[in-house]
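Below are some questions on how the terms used for this model are justified. Each answer sets a value against its criterion.

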Amino acid sequence: MNKEKAIKALLTGAAFAGFIFLIGIFITLFAGSWTAIKNINQMHFIFGLEWMPYYEPPEYGILSMFISSALIGFCSSLICIPLGLGTAIYMYEIAGRKQKKFLKPALEILAGIPSIIFGFFAMAVLGPFLQNLFDLPSGLCILTASIALGIMTVPLISSISEDALSVVPISFKEASFALGANRCQTLIRVVIPAAASGIITSIILAFGRIVGETMIVLMASGGAIAVPNSPFAPARPLTSTIAAEMGEAAYGSLHFSALFEIGLFLFALTFILNFAAEKVGKKYRLKLGQGR
Amino acid sequence: MKKKVLVSLIAATAIFTTAIQSFATVIAEGSTTVLPFAQKAAESLMDSNPKIDISIRGGGSGVGINSLISKRCDIAMASRSIKESEKSDAKKNKVSPVVYVIAMDAISIIVHPKNKIDALTKEQIRDIFSGKITNWKELGGADKKIVIVSRDGASGTFETFNELALNGQKLSKNALMQTSNQAVSQIISSSEGAIGYVGLGYVSGRVKAVKVNNIAPSPETVLNKTYPFSRELYFYTDGAAKNEAKEYIDFVLSAAGQKIAASLGFVPVIVKK
């Protein structure tokens with residue numbers, strides 16, 4: 001009996017560990033940001049375009065980094081959404097068993113490649129290639145980073161979307177065919193709308209992953225602090241600023257704390273995205289009458 | 001039984017504390033530019049002499065010198081010489097700073113090998129990096145946009161460049177910020193319009209170092225102080241260094257120590273014999 005209780009307690013502890021870590025991380029970020037929140041005008045912090053912690057007086061404004069992050073997220077989405085959805089629909093509708101057997105593991109391997117390898121590829125191969133192709137002043141720009149990020153997130157979208165498509169009840173399809181719809185009509189009018197919750201969730205999760213990714217943007221996006229005005233301009237998103245400056249910022253300084261606040265900001269951003277993904281997933285599932 | 005445990009605990013603590021005390025600790029604090037050199041030299045000295053213990057802290061030249069004045073460190077690392085105000089503060093605290101030049105630090109301005117420009121003036125360099133000059137044709141070169149490549153603000157090289165070349169001007173916001181000397185060289189070697197800066201020791205064959213005020217960067221021009229973008233790096237001690245601190249500084253100034261400086265991109269100072 002005692003043993004059973006102990007095991008139960010252990011499992012409960014394990015189950016709540018993730019939640020406790022989440023709270024712990026939030027508290028740490030908040031405590032670390034406190035100096036910055038107190039000493040930096042928060043309107044300047046959020047809407048300021050200048051990030052110059054090394055000058056006297058220092059400037060801490062994150063708007064241009066936020067714009068960079070958003071622009072990179074947008075450009076990457078243009079690549080990973082069509083590719084990922086295309087892959088998912090192909091695997092669901094067209095691919096035979098043999099092709100599936102080959103495609104799925106290939107995508108899983110792509111998903112498992114460490115991001116630094118994508119970053120290296122972007123910096124050493126893609127950057128110089130794009131530079132020659134478009135005659136750019138430098139190959140390290142938003143486009144280069146976005147292509148690498150887009151490729152990286154294809155498996156995320158395709159695997160979740162494919163799962164969503166494959167759980168659409170076969171009866172939906174049969175009903176559609178019975179009404180005389182062809183394969184293409186059935187797919188576009190019936191199956192995809194029925195799977196919309198999963199597909200939208202996958203896109204939101206991919207966007208969150210892109211915004212939170214650090215290594216690729218640090219290596220491939222150039223890192224200029226100016227507000228980017230085109231996909232060919234270099235940019236410095238929120239994540240790479242933390243990565244580049246945290247190592248040398250004096251512990252406990254205002255700069256150190258400001259970097260923490262960027263982290264807090266990123267945390268809130270990804271939290272909202274994940275929350276939205278969760279909500280969207282639930283809403284559409286219930287509408288279909290297959291609430292789980 | 002309990003007594004035995006207590007006695008052995010006390011004995012263990014006593015042995016432990018004496019063991020710690022037999023290691024004299026030298027504390028060096030200050031410039032982040034000097035830090036990598038001081039750190040590497042300290043590690044290599046501690047490897048060969050386990051009795052010596054050296055602890056290196058960053059914070060900046062000002063912090064180091066202040067620590068020395070208030071006797072919180074044995075050696076202040078600095079990338080600038082001591083100010084008059086600091087000298088008088090030291091006098092008040094009965095600290096007499098003694099200076100050691102431990103290495104020279106110089107910055108090379110590098111461009112793509114195909115760039116026609118071979119020499120720039122200090123003013124031109126300042127205007128390029130602050131974003132006033134944006135095209136090479138303004139300097140008599142090809143009609144190409146200038147791409148500025150900089151080290152990110154956290155690096156000692158950035159700090160050095162800021163002080164020696166920018167003279168209070170702010171770096172252009174369009175500058176690409178890179179995290180290592182290698183990354184800077186890599187970008188410059190692959191784009192014809194690029195200009196950047198690296199420590200003198202990091203100039204490779206893939207890029208071209210330009211003359212500044214008509215003086216080519218080299219160990220000779222740095223040592224005779226004709227090359228404008230160079231400076232001395234210092235250790236300050238309270239009075240002439242003694243014991244472990246002296247041993248450490250002797251090592252830093254020895255051939256082996258200066259080799260470490262060279263390997264980190266600094267220019268060794270000539271060892272006086």
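**Contacts between domains and between chains**

Q: Why is the pair E232(B) and K225(B) called a salt bridge?
A: In this predicted model, the closest N and O atoms of E232(B) and K225(B) are 3.1 Å apart. The cut-off between a Lys or Arg side-chain nitrogen and an Asp or Glu carboxyl oxygen is 4 Å, so the pair E232(B) and K225(B) at 3.1 Å qualifies as a salt bridge. The rule finds one salt bridge across the interface of domain 1 and domain 2 of chain B. One residue pair in polar contact is counted between these domains, with both residues at pLDDT 80 or more.

Q: What makes E232(B) part of domain 1 of chain B?
A: The domain assignment gives domain 1 of chain B as 2–104 + 232–263, and domain 2 as 105–230. Such bounds come from an automatic or database assignment, so the placement of E232(B) in domain 1 rests on that assignment. The centres of the two domains, taken over C-alpha atoms, are 33 Å apart. Their contact involves six residues of domain 1 of chain B and nine residues of domain 2 of chain B.

Q: Which residues of domain 1 of chain B lose the most area to domain 2 of chain B?
A: About 670 Å² is buried between the two domains of chain B, and carbon and sulfur atoms give 50% of that area. On the side of domain 1, T33(B), M104(B) and E232(B) lose the most, together 69% of what that side buries.

Q: Why is the pair E50(A) and K173(B) called a salt bridge?
A: The N to O distance between the side chains of E50(A) and K173(B) is 3.0 Å. This falls within the 4 Å cut-off, so the pair is a salt bridge. Across the interface of chain B and chain A the rule finds one salt bridge and six residue pairs in polar contact, both residues being at pLDDT 80 or more.

Q: Which elements of chain B each supply at least two residues to the side that touches chain A?
A: They are α6 (156–166), β7 (176–178) and α7 (181–190) of chain B. The largest share, four residues, comes from α7(B). By class, the residues of this side of chain B are nine nonpolar, nine polar and four charged.

Q: How many residues does each chain give to the contact of chain B and chain A?
A: Chain B gives 22 residues and chain A gives 21. The area buried between chain B and chain A is about 1900 Å², with 61% from carbon and sulfur atoms.

Conventions
Residues are numbered from 1 along each chain as its sequence is written. Chains are lettered from A and ligands numbered from 1 in the order in which they are written. This is a predicted model: local features need pLDDT of at least 70, side-chain atom pairs count only at pLDDT 80 or more; totals for chains, interfaces and linings use all residues. Side-chain values use heavy atoms; hydrogens and water are left out. Contact means heavy atoms within 4.5 Å. Buried area is the accessible area (1.4 Å probe) that two parts lose on being put together, summed over both. A polar contact is a pair of N or O atoms within 3.5 Å; within protein, one must be able to donate a hydrogen and the other to accept it, and residues adjacent in sequence count only if both atoms are side-chain atoms. Ala, Val, Leu, Ile, Met, Phe, Trp, Tyr, Cys and Pro count as nonpolar, Asp, Glu, Lys and Arg as charged, and the others, Gly among them, as polar.
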